[in-house]
Amino acid sequence: MIKIKLPDGNVREYAQGTTGMDIALSISEGLARNVLAAKVNGKVVDASLPINEDCDFQLLTWNDADGKSTFWHSSAHLLAEAIEALHPGTKFGIGPAIETGFYYDIDMGDKALSADEFKKIEDKMLELARQKNQYQRSEVSKADAIKYFTEKGDEYKLELLEGLEDGSITFYQQGNFTDLCRGPHIPNTGFIKAVKLMSVAGAYWRGDTSRKQMTRVYAVTFPKQKELEEYLTLLEEAKRRDHRKLGKELELFAFSEKVGMGLPLWLPKGTMLRERLENFLRRAQVRAGYSPVITPHIASKELYITSGHYAKYGADSFQPIRTPDEGEEFFLKPMNCPHHCEIYKTKPRSYRDLPLRLAEFGTVYRYEQSGELHGLTRVRGFTQDDAHIFCRPDQVEDEFMKVIDLVLYVFKALGFDNYSAQISLRDPENKEKYIGKDEDWDKAEAAIIKSAAAKGLPTVVELGEAAFYGPKLDFMVKDALGRKWQLGTIQVDYQLPQRFELEYTGSDNQKHRPVMIHRAPFGSLERFVAILIENTAGNFPLWLSPEQLAVLPISEKYEDYANEIFLRLQENDLRGYIDHRDEKIGRKIRDAEVNKLPFMLIVGEKESEQGMVSVRKKGEGDLGMMPIDQFISLMQGEINKNIVRFKE
Ligand SMILES: [Zn+2]
Ligand SMILES: [Zn+2]
């Protein structure tokens with residue numbers, strides 16, 4: 001007998017050679033119908049694989065990330081089977097699961113695969129799925145494997161085989177299709193009930209631009225038709241909320257090829273939005289004891305040699321700017337930290353001066369390959385809401401917790417209620433990738449883990465994800481569509497203070513080295529605004545809206561009254577515009593709706609005679625006529641309702 005430990009801690013005994021499916025059946029038949037795979041001592045395996053030793057055991061269903069990716073990877077085999085049935089002779093590269101489905105890289109020779117054929121392939125996949133063919137695993141010798149794919153004439157699989165050891169090679173067969181694969185897979189194709197081919201794209205074999213370009217077929221599958229429909233609705237909604245589309249429609253930002261790829265131009269309305277975000281954080285930072293600083297956009301190469309950035313990124317980054325006469329070399333600033341270290345050094349510091357918190361909305365430039373650029377989320381020039389905290393080692397944990405408070409305040413104020421954090425630590429197997437002493441890393445890692453736990457943050461720990469100079473805590477938010485975005489980051493750094501030889505005089509009158517904490521709650525303003533647009537679909541909270549209201553005179557006759565009203569609103573710090581155009585009122589209202597104006601004030605004869613305004617509110621419609629003062633207090637009430645107070 002072997003001991004199987006279930007996730008709830010229960011230990012059950014089973015005969016040696018029992019399978020995940022046997023265990024599922026012993027619990028309930030309903031459960032067994034939903035089992036896609038199993039996890040044995042942390043490793044995902046086929047539910048049909050015999051288990052021969054005591055283990056930690058978990059059944060995987062569609063609701064587990066590993067279950068879902070097994071489902072999607074198995075679907076890639078089904079896609080290949082369908083394509084092979086329709087186009088005999090097709091050669092296959094690799095077919096992995098990805099975050100939203102799976103793909104298979106295929107080579108159809110002279111033939112091309114177009115979207116017109118998607119429906120035919122989907123139908124074939126469903127027809128094959130209905131046959132409930134098992135994914136049958138078999139171990140094969142390398143010689144037999146080579147023989148099989150040589151006869152089939154698939155040079156891609158033959159190349160993959162070259163990298164495999166004899167004795168470790170497995171085939172999986174479902175229906176008439178056999179693939180080289182290490183698995184695992186779902187029990188049979190019958191689990192796949194809904195199929196959608198999404199797109200095709202070119203993809204170089206093994207990502208090498210000198211190799212053959214294959215066709216990458218992207219698809220997604222689900223265990224229920226309803227789930228596919230929900231997914232497609234979500235995709236439509238995501239498209240509607242795409243920040244690149246809304247940014248253009250709402251005139252927030254633009255790109256110009258002449259200015260350069262990945263270099264956003266902030267238009268007046270986008271700038272208003274961005275400045276409001278900056279001011280919001282500035283005020284919170286003053287209350288949290290930060291001091292603002294400003295540093296230049298370029299700095300001498302020496303600075304980055306000292307910081308270590310040159311050695312690490314110099315070759316892969318924007319190349320130096322040279323002065324014509326002195327032959328000096330300057331780099332576009334990729335980070336603000338080295339500058340802040342130099343500010344620290346402008347005078348002697350004592351233990352009483354610490355922590356010193358320097359904050360800057362610092363614009364930095366980083367080279368990204370043109371293919372990687374994407375709207376405001378991946379750019380070549382962006383502004384970080386950066387700050388560096390220089391503190392004593394005994395203050396690290398406390399400062400770290402204060403930063404967590406500030407980050408959570410920002411999320412709350414901007415309506416991101418669903419957040420989690422990732423603790424990124426060193427890869428213990430590859431310590432040479434990181435600069436600095438072992439004991440410093442251990443201390444920093446412990447401080448992060450402890451403060452995140454003290455603040456009750458939901459966290460995951462990732463090994464090998466740390467920055468080269470220190471461990472970090474990255475915040476993730478889930479938006480209105482359930483998509484995950486990476487936002488702010490907090491990093492502990494023992495290295496830069498050492499490289500810049502930063503010091504303070506301790507209470508013992510001796511010199512000591514401060515610890516540095518890097519932090520940016522938004523991450524970058526560009527990225528944050530992109531996420532904010534997608535999360536709100538462009539319906540920003542009233543206090544952030546670039547334009548809060550539009551005054552719409554019914555005709556030219558009421559221009560003077562409209563101007564008078566607008567002035568009163570401006571005096572009360574409300575913002576927007578008067579629509580002076582010679583257009584019908586219906587048109588003016590429609591345009592204000594398209595521009596997502598939170599409030600519209602319609603003024604005509606009745607309004608001007610009685611000193612009133614007719615108010616329309618987005619999402620609620622007509623609020624009726626009211627005196628202007630009443631409208632102003634209504635607005636102020638709405639704004640205050642949105643504002644979350646910062647607590648020390
Ligand atoms: Zn496979
Ligand atoms: Zn920094």
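Biologist: Is His388 buried or exposed?
Modeller: This is a predicted model, in which local features need pLDDT of at least 70 and side-chain atom pairs count only at pLDDT 80 or more, while totals for chains, interfaces and linings use all residues; side-chain values use heavy atoms, with hydrogens and water left out. Residues are numbered from 1 along each chain as its sequence is written, and chains are lettered from A and ligands numbered from 1 in the order in which they are written. Buried means under 20% relative accessible area, exposed over 50% and partly exposed in between, with a 1.4 Å probe and protein chains only. Because its relative accessibility is 0%, His388 counts as buried.

Biologist: In which strand is His388 found?
Modeller: Helices (H or I, at least four residues) and strands (E, at least two) are DSSP runs, numbered from the N terminus. His388 falls within the run of residues 381-391, which is strand 23.

Biologist: Which residues does UniProt list with Cys337 for "binding site"?
Modeller: UniProt positions are given in the numbering used here, feature names are shortened, and annotations may be inferred rather than shown by experiment. In an unreviewed entry, the record lists for this feature Cys337 together with His388 and His518.

Biologist: What is the largest C-alpha distance among Cys337, His388 and His518?
Modeller: These three residues from the UniProt record are spread over 182 residues of sequence. They nevertheless cluster in space, with a largest C-alpha distance of 7.7 Å.

Biologist: Which pocket has Cys337, His388 and His518 in its lining?
Modeller: On a 1 Å grid over the protein atoms alone, a pocket is an open set of points with protein on both sides within 12 Å along at least five of seven lines, whereas a cavity is a set where a 1.4 Å probe fits but cannot get out; lining residues have an atom within 4 Å of a point. The lining that includes Cys337, His388 and His518 is that of the second largest pocket.

Biologist: With which side chain does the side chain of His518 make a polar contact?
Modeller: His518 lies in strand 30 (residues 515-520) and is buried, with a relative accessible area of 5%. A polar contact is a pair of N or O atoms within 3.5 Å; within protein, one must be able to donate a hydrogen and the other to accept it, and residues adjacent in sequence count only if both atoms are side-chain atoms. At 3.0 Å, the partner of the His518 side chain is the side chain of His388.

Biologist: Which residue of the "binding site" feature, besides His518, is touched by His388?
Modeller: Contact means heavy atoms within 4.5 Å. Not counting residues up to four places away in sequence, His388 touches, among others, Asn336, His340, Leu356 and His518. Its contacts also include another residue that UniProt lists for the feature, namely Cys337.

Biologist: Which backbone nitrogen does a side-chain oxygen of Asp154 reach at the start of helix 6?
Modeller: In helix 6 (residues 155-162), the buried residues are Tyr156, Lys157, Glu159, Leu160 and Leu161, and what covers them includes helix 5 (142-152) and strand 10 (101-107). The oxygen of Asp154 comes to within 3.1 Å of the backbone nitrogen of Tyr156.

Biologist: What percentage of the residues of the chain count as buried?
Modeller: The chain has 20 helices and 35 strands, and its C-alpha trace spans about 85 × 75 × 60 Å along its principal axes. Of its 648 residues, the portion that count as buried is 51%.
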